[in-house]
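Thank you all for coming. I would like to walk you through one structure this morning, beginning with its rings, moving on to its cysteines, and ending with a sheet.

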Amino acid sequence: MQLRYFGTDGIRGVFGEPPMDAVFLRRLGYALAGYIALRSSGRRLQIIAGRDTRVSGPAILAALSEGLLVAGHHMLDAGVVPTPAVPESVLEHHADFGVMITASHNPPSDNGVKFFDQHGLKLSESAEAEIETWLGRVSAPDVIPILPPLETIDAAEPYRMRHNLLLPHHALTGWIIAVDCGFGATGATTPEVLRRLGADVRARATEPDGARINTEAGSEHPQFLSALVRESGACLGLAHDGDGDRLVVCDETGSVVDGDEVLGILALHALRAGTLKNGQVVATVQSNLGLDRALASAGGHVVRVPVGDRQVLHKLLELGASLGGENSGHYIFTDISRCGDGLLAALQLIRVLRDTGRPLSALRREVPLLPQLTANVRVRVKRPFSELPLFSEAMHAAETALDGHGRVLVRYSGTEKKLRLLLEGPALTELEPLLETLKQAALRELGAG
């Protein structure tokens with residue numbers, strides 16, 4: 001299903017430019033009111049909205065809330081909170097809809113919106129398509145009505161309290177843990193939860209600074225976390241993206257642990273404990289084949305889906321499985337939550353470290369990964385590959401060269417004008433020239449310059 005505005009994770013773009021400009025956002029608010037009205041049977045619905053630290057967040061909230069308030073619905077402002085706090089609040093307050101204003105790991109200039117239903121689940125593609133239909137039907141009035149301020153709620157403290165219950169009291173006494181919050185929404189949650197559990201937390205980029213969110217900090221720039229781990233002598237390093245649904249990890253040496261290694265560590269531990277439902281892990285097409293091999297050797301199985309944590313969740317629910325994730329740092333534990341949650345993933349990984357008594361540098365060796373190269377090419381327009389003869393030829397040549405002992409994955413980003421390239425095989429020396437040929441062909445036929 002090809003949607004005009006929604007990508008793999010909501011609507012996202014540069015604030016001030018379509019579709020993240022005031023005109024579109026006001027219309028989106030009225031479209032949401034129309035979409036929700038069909039499900040309300042005339043009831044006054046309750047909607048909970050949160051946001052990350054971006055400067056544009058309050059303006060987007062005001063634009064979206066206009067149509068919903070004019071329609072008579074009740075909105076609660078949860079303030080700056082991690083994304084997973086919003087669906088949790090929807091469930092806690094028995095609300096009907098959730099809105100999270102964030103562009104996740106994107107730069108400060110971007111922003112976006114994610115939506116959750118009354119069950120705390122991200123909307124399906126069919127629901128998003130219906131909202132896009134409403135966007136074509138409605139328009140916001142020329143005159144902005146005067147509306148009352150939104151009622152505020154504290155969603156951060158219930159979120160902290162729920163996570164504190166996941167480990168025993170003072171479970172982290174004697175632990176030094178490095179944390180990088182990326183100037184985003186986790187600055188007031190992750191460090192505090194770890195401290196309440198007894199950890200000595202060495203944190204950076206905890207200030208709620210929307211002008212610097214994801215800038216030389218957080219999960220997109222793990223080199224700063226690596227340095228903090230080494231400087232502080234931490235046994236573990238944790239970094240989040242701007243809205244806190246991702247986790248990137250460093251071991252006690254300061255080495256960044258690949259997301260597939262983390263997923264494999266979690267899965268192998270659950271498999272041995274008998275808690276990995278159906279012996280299955282759900283991963284995306286982006287995940288390394290080494291993950292499949294590690295799980296298979298222990299009697300488990302990896303099921304693959306297209307990129308996107310929503311795709312992972314839907315497959316988990318379909319299979320009745322309990323663990324899935326993306327190597328970008330999204331992890332879902334359906335026995336606890338149905339939303340990607342960086343803090344929850346960190347606590348689950350810490351549980352493995354406590355149970356095994358082994359350092360992360362040792363645990364990661366149980367998930368040996370195949371050499372992998374990736375590249376992103378900024379594009380002018382996302383043209384079908386069938387219309388790109390040079391690129392198609394380069395793809396065919398790479399697939400032929402790696403046949404039987406590697407793979408080629410090419411896809412357009414669902415949130416940015418980028419072509420993502422991934423090659424996997426037995427040796428980097430074999431992958432490098434193939435990737436370079438793909439990049440050059442893509443630049444010639446698609447490159448934005």
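Please keep in mind throughout that this is a predicted model. Let me begin with the aromatic side chains, where the structure holds 5 aromatic pairs. One of them is formed by Y5 and F24, whose rings are tilted with respect to one another, with 4.7 Å from centre to centre and 50° between the planes. This pair links distant parts of the chain, since Y5 belongs to the segment before β1 (11-14), while F24 sits in helix α1 (residues 22-40), 19 residues apart. As for how far these two residues are covered, Y5 is buried, with a relative accessible area of 18%, and F24 also counts as buried, at 5% relative accessibility.

Elsewhere, ring pairs join F6, F97 and F115 into a cluster. A ring can also have a charged neighbour, and here R137 lies over the face of W134, at 4.8 Å from the ring centre.

Now to the cysteines. How many disulfides does a search of the whole structure find? The search returns 0 disulfides. C235 is in no disulfide, and the nearest cysteine sulfur, which is that of C250, is 12 Å away. Because a disulfide needs two cysteine sulfur atoms within 2.5 Å, that distance of 12 Å leaves C235 without a disulfide. Are these two cysteines buried or exposed, or something in between? C235 is partly exposed, with a relative accessible area of 29%, whereas C250 is buried, with a relative accessible area of 0%.

Let me turn, finally, to a sheet. It is an open sheet of 3 strands, in the order β16-β18-β17, and the pairing is antiparallel. The strands β16 (372-378) and β17 (407-412) stand at the edges, each with a single partner strand, so one side of each is left without a neighbour in the sheet. From one strand to the next, the twist averages 10°.

Looking at one of these pairings in detail, β17 is joined by 6 bridges to strand β18 (residues 418-424), and the two run antiparallel. Within this part of the sheet, V410 stands opposite L421 in β18. A helix accompanies these strands as well: helix α13 (residues 389-402) packs on the sheet, where it touches β17 and β18, and the direction of helix α13 makes about 150° with that of β17.

Conventions
Residues are numbered from 1 along each chain as its sequence is written. This is a predicted model: local features need pLDDT of at least 70, side-chain atom pairs count only at pLDDT 80 or more; totals for chains, interfaces and linings use all residues. Side-chain values use heavy atoms; hydrogens and water are left out. Rings of Phe, Tyr and Trp (its six-membered ring) pair if their centres lie within 6.5 Å; planes under 30 degrees apart count as stacked, over 60 as edge-to-face and the rest as tilted. Helices (H or I, at least four residues) and strands (E, at least two) are DSSP runs, numbered from the N terminus. Buried means under 20% relative accessible area, exposed over 50%, partly exposed in between (1.4 Å probe, protein chains only). A charge sits over a ring if NZ of Lys or CZ of Arg is within 6 Å of the ring centre and within 35 degrees of the ring normal. Two strands pair if DSSP finds at least two bridges between them. Axes are lines fitted to C-alpha atoms, for helices over the stretch in contact, and angles run from 0 to 180 degrees between N-to-C directions. Contact means heavy atoms within 4.5 Å.
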